[in-house]
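Open the model in your viewer and keep the selection tool handy. We will go stop by stop, with a selection to make at each one and a note on what is there.

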Amino acid sequence: MPQVVHLHGAHSAQESDGHAEAWYLPAARDLPPDFAVSGSAYREFRSRFAERSGLRWTPGSATFEYANDQRPCTLWYHDHTLGLTRENVYAGPAGFYLLGGDELPEEVLPGPAPTRADPPTASYHDIPLMIQDRSFTADGDLQYPKRYSGNGDGPPVSVPGFSGSTIVVNGRTWPTLTVRRRRYRFRLLNGCNSRFLLLSVAANATARPARPVLPVWQIGSDGGFLPEPVAHERVSLGPAQRVDAIVDFTDVPAGTELYLVNEGPDGMYAGGRPGVDFPPADPQTTGQVLRFVVTDAAGADPSVPPEQLRLPAHPRLGAAQRVRRLSLNERGSGGSTVMLLGVLDERGRGLPLRWSDPVTEQPTLGDTEVWEVRNFTRHVHPVHLHQVQFELLGRGHSGRVQPGPADRGLMDTVLAYPWEVTRIKAHFDLPGRYAWHCHLLEHEDNEMMRPLNVLPRGGAAAGDGGAAGGAGGAPTASTDAG
């Protein structure tokens, strides 16, 4: 199987970003002679890496370098092979990459987190939880649909989305986590292909609507700490999004069993409330994530209660040099619906583009841009940009509705709601070839991905998604700070 690793959310040079066309096959002896052993960008990035580092990639491999020069945050890595990301990630190659630092004094937050040298008896209070959905055959093999017929008897077409029949956490189906009467930090990651999660801590695993019994205190998002802690009864997580959270079990009696439950839908998500706008996940299966079993405390808990935390302050991004107007689009194709990214035409309509079409998103190195992404589809799409962590400026039909407290941190994946404009601001400070795409993996693999080229100063842009002062016009300065 071809592979190429993308460290999702990282500030990486282009040759270490995991470009979708820089995949490679293992150096196997049984490859048919007519097989391509690498993608069209592999040689270019191999050469760039050798020039930068002096290291050469051996056949059937790649070596990447991560500078780790960003805020402490919860990153993750996964395969990013063009057209096969959905199947490769589903098969297993995905994991956490926790970037630490000294932004808060030791023991202010629950810890420690797992490390490689830990003995088997080590106990943790900072626990990464990768939540995914999977389906299995009767023999226990992973099961994924290859193709389906869009109209029942037509030709087979690509799978438009996937919902598994079980929930797995860190690779285990419906696990049990024993916790003490103290505070825990959980790095929540939605690692599903297409499933949206609505998570809460409940005393009953199957009662719906779920009745939360403990708040989930969010202290961070994709790119690090929020300005202040935010208490949730229910946490929303789209595919690829992360929530850095604290749950306090201090006042829960020993012997209590609690449940992390999911009320997101068992199909595509269009926003709204579970039980009102859509049926929640099956409470007997995909509505359950894991079970907590509470035991007695063992010593004092030195961490600070989440409602008393003072999180580090960071400056916001400065003025933008350009405003781009982009689109998420639906188009019928061969009996099915194809989702495509694109720009806006001169009348404000979506102009869909494919991966191979000329590049339209080409920021200049060092510039800050506002992207206005208009969703012309019926579904919520998690939009992911490579290389940058960005700020959410606004949502709604005008894109001017201010983000809520949980959306005021840095992120690399933002939820774009149907028929709304999602406005984000990003600073591009590394040159090269990157990408932006929908992180519903079935959409990403079926053309909902576009190149993102960061040009050096003085480079000639081939096109753009519009600029302040008129679609398709020349770049115009903007002082939009959101």
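Is glutamate 44 buried, partly exposed or exposed? Its relative accessible area is 26%, so glutamate 44 counts as partly exposed. Bear in mind throughout that this is a predicted model.

**Stop 1: a salt bridge from helix 1 to strand 27**

Keep glutamate 44 selected and add arginine 433. The two form a salt bridge, and their closest N and O atoms are 2.3 Å apart. Because glutamate 44 sits in helix 1 and arginine 433 in strand 27 (residues 432-438), this pair ties together parts that lie 389 residues apart in sequence. Arginine 433 is partly exposed too, with a relative accessible area of 28%. Across the whole structure, a search finds 28 salt bridges.

For a pair of sequence neighbours, select arginine 86 and glutamate 87. Here the closest N and O atoms of the salt bridge are 3.4 Å apart. Arginine 86 has a relative accessible area of 13%, so this residue is buried.

**Stop 2: arginine 187 and its partners**

Now select arginine 187, which you will find in strand 10. Its relative accessibility is 7%, and since the cut-off for buried is under 20%, arginine 187 counts as buried. What does its side chain meet there? Show aspartate 126: the two side chains form a salt bridge at 3.0 Å, N to O. This pair links distant parts of the chain, with aspartate 126 in strand 4 (residues 126-134) and arginine 187 in strand 10, 61 residues apart. Aspartate 126 is buried as well, at 5% relative accessibility. Side chains of opposite charge can pair when their charged atoms come close.

Add Arg185 and Asp244 to the selection. Salt bridges that share partners join Asp126, Arg185, Arg187 and Asp244 into one network.

Threonine 74 is worth displaying next. Its side chain and that of arginine 187 are joined by a polar contact of 2.9 Å. To see the wider surroundings, expand the selection around arginine 187: leaving aside residues up to four places away in sequence, this arginine touches Cys73, Thr74, Phe96, Leu98, Asp126, Ile127, Pro128, Leu129, Val243 and Asp244.

**Stop 3: the largest pocket**

Two residues of that network will help you find the next site. Select Glu107, Leu109, Pro110, Asp126 and Arg185, which lie nearest the centre of the largest pocket among its 31 lining residues. The volume of the largest pocket is about 620 Å³. Colour strand 2, strand 3 (94-99), strand 10 and strand 14 (224-232), since each of these supplies at least two residues of the lining. By class, the lining has 13 nonpolar, eight polar and ten charged residues.

**Stop 4: the second largest pocket**

Move on to the second largest pocket, which holds about 540 Å³ of space. Which of its 26 lining residues are the closest to its centre? They are Ser236, Ala406, Asp407, Leu415 and Tyr417. The elements that give two or more residues to this lining are strand 13 (216-221), strand 15 (235-237), strand 16 and strand 25 (413-416). The lining of the second largest pocket divides into twelve nonpolar, eight polar and six charged residues.

**Stop 5: the largest cavity**

From open pockets, turn to enclosed space. How many cavities of 30 Å³ or more does the structure hold? There are three, and the largest of the cavities has about 60 Å³ of space. Select its lining: Leu129, Phe186, Leu188, Val201, Val216, Ala245, Val247, Leu260 and Phe292. These lining residues are nine nonpolar, with no polar and no charged ones. Strand 10 (183-190) and strand 16 (242-248) each supply at least two of the residues. You have met Leu129 already, as one of the residues that arginine 187 touches.

**Stop 6: phenylalanine 64**

For the last selection, pick phenylalanine 64, in the loop between helix 1 (42-53) and strand 2 (73-79). Not counting residues up to four places away in sequence, phenylalanine 64 touches Val4, Val5, Glu15, Ser16, Gly18, Phe49 and Trp57. Then draw a distance to glutamate 420, 356 residues apart from phenylalanine 64 along the chain: the C-alpha atoms of the two are separated by 37 Å.

Terms used:
Residues are numbered from 1 along each chain as its sequence is written. This is a predicted model: local features need pLDDT of at least 70, side-chain atom pairs count only at pLDDT 80 or more; totals for chains, interfaces and linings use all residues. Side-chain values use heavy atoms; hydrogens and water are left out. On a 1 Å grid over the protein atoms alone, a cavity is a set of points where a 1.4 Å probe fits but cannot get out, and a pocket is an open set with protein on both sides within 12 Å along at least five of seven lines; lining residues have an atom within 4 Å of a point. Grid points are joined across faces, edges and corners, and a volume is the space filled by probe spheres set on the points. Helices (H or I, at least four residues) and strands (E, at least two) are DSSP runs, numbered from the N terminus. Ala, Val, Leu, Ile, Met, Phe, Trp, Tyr, Cys and Pro count as nonpolar, Asp, Glu, Lys and Arg as charged, and the others, Gly among them, as polar. Buried means under 20% relative accessible area, exposed over 50%, partly exposed in between (1.4 Å probe, protein chains only). A polar contact is a pair of N or O atoms within 3.5 Å; within protein, one must be able to donate a hydrogen and the other to accept it, and residues adjacent in sequence count only if both atoms are side-chain atoms. Contact means heavy atoms within 4.5 Å. A salt bridge is a side-chain nitrogen of Lys or Arg within 4 Å of a carboxyl oxygen of Asp or Glu.
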